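Here are a few exercises on charged side chains and their partners. Work through each one with the model open beside you, then check your steps against the solution.

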Amino acid sequence: VQLVESGGDLVQPGGSLRLSCAATESIFSFTVMAWYRQVPEKQRELVASITAGGSTDYADSVKGRFTIYKNRAGNTEKLQMNSMKPGDTGVYSCDAYRGVGYWGQGTRVTVSS
């Protein structure tokens, strides 16, 4: 299984970005898919997750601003990020679980004026 993230960019505070995670197998075959954020010298942080049944969960820091969802047509998992803050800066990686875990290389998001 390969996961490839895209959509990272430099964005100003208050702006929006949409990240995509493309999988080489059906995204509906995974028990859980999630987005993690890595910042240097900090622990990897779970940002959002979505189960096979569509249940979602978010870190408190992004609730009400980020939305995780699945795009069946493109076989991609998405993370819509709105009202972005400098604290959202980091490398975002897509993870998927199906007995074992898989993850991609990540895409860099920078929120700065």
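## Exercise 1: A buried glutamate

Glutamate 77 is buried yet takes part in no salt bridge, and its nearest side chain of opposite charge, lysine 70, is 7.4 Å away in this predicted model. Your task: find where glutamate 77 lies and which side chain it joins in a polar contact of 3.4 Å.

**Solution**

Step 1. Begin with the backbone: glutamate 77 belongs to strand E8, which covers residues 76-81.

Step 2. Now test for a salt bridge. The cut-off is 4 Å between a side-chain nitrogen and a carboxyl oxygen, and lysine 70, the nearest opposite charge, is 7.4 Å away.

Step 3. Look for a polar partner instead. The side chain of tryptophan 35 makes a polar contact of 3.4 Å with that of glutamate 77.

Step 4. Finish with the surroundings. Beyond its neighbours within four places in sequence, glutamate 77 has contacts that include Leu19, Cys21, Ile27, Met33, Ile50, Ile68 and Cys94. Lysine 70 is also among its contacts.

## Exercise 2: A salt-bridge network

The structure has 6 salt bridges. Your task: starting from glutamate 45, trace which residues are joined into one network by salt bridges that share partners.

**Solution**

Step 1. Glutamate 45 pairs with arginine 37, with 2.7 Å between the closest N and O atoms. Glutamate 45 is partly exposed at 29% relative accessible area, whereas arginine 37 is buried at 4%.

Step 2. Arginine 37 also bridges to aspartate 88, at 3.5 Å between the closest N and O atoms. Since arginine 37 sits in strand E4 (residues 32-38) and aspartate 88 in the loop between E8 and strand E9 (90-98), this pair ties together parts 51 residues apart in sequence.

Step 3. Aspartate 88 is buried, with 2% relative accessible area. Its salt bridge with arginine 65 has closest N and O atoms 2.8 Å apart. Arginine 65 lies in the loop between strands E6 (56-58) and E7 (66-71), so this pair links parts 23 residues apart in sequence. Arginine 65 is buried too, at 10%.

Step 4. Put the links together: Arg37, Glu45, Arg65 and Asp88 form one network.

## Exercise 3: Charges over rings

Your task: which ring does arginine 44 lie over, and which ring lies under the charged end of arginine 72?

**Solution**

Step 1. Arginine 44 is placed over the face of tyrosine 36, 4.1 Å from the ring centre.

Step 2. The charged end of arginine 72 is over the ring of phenylalanine 28, at 4.2 Å from its centre.

Terms used
Residues are numbered from 1 along each chain as its sequence is written. This is a predicted model: local features need pLDDT of at least 70, side-chain atom pairs count only at pLDDT 80 or more; totals for chains, interfaces and linings use all residues. Side-chain values use heavy atoms; hydrogens and water are left out. A charge sits over a ring if NZ of Lys or CZ of Arg is within 6 Å of the ring centre and within 35 degrees of the ring normal. Helices (H or I, at least four residues) and strands (E, at least two) are DSSP runs, numbered from the N terminus. Buried means under 20% relative accessible area, exposed over 50%, partly exposed in between (1.4 Å probe, protein chains only). Lys and Arg count as positive and Asp and Glu as negative; His and the chain ends are not counted. A polar contact is a pair of N or O atoms within 3.5 Å; within protein, one must be able to donate a hydrogen and the other to accept it, and residues adjacent in sequence count only if both atoms are side-chain atoms. Contact means heavy atoms within 4.5 Å.
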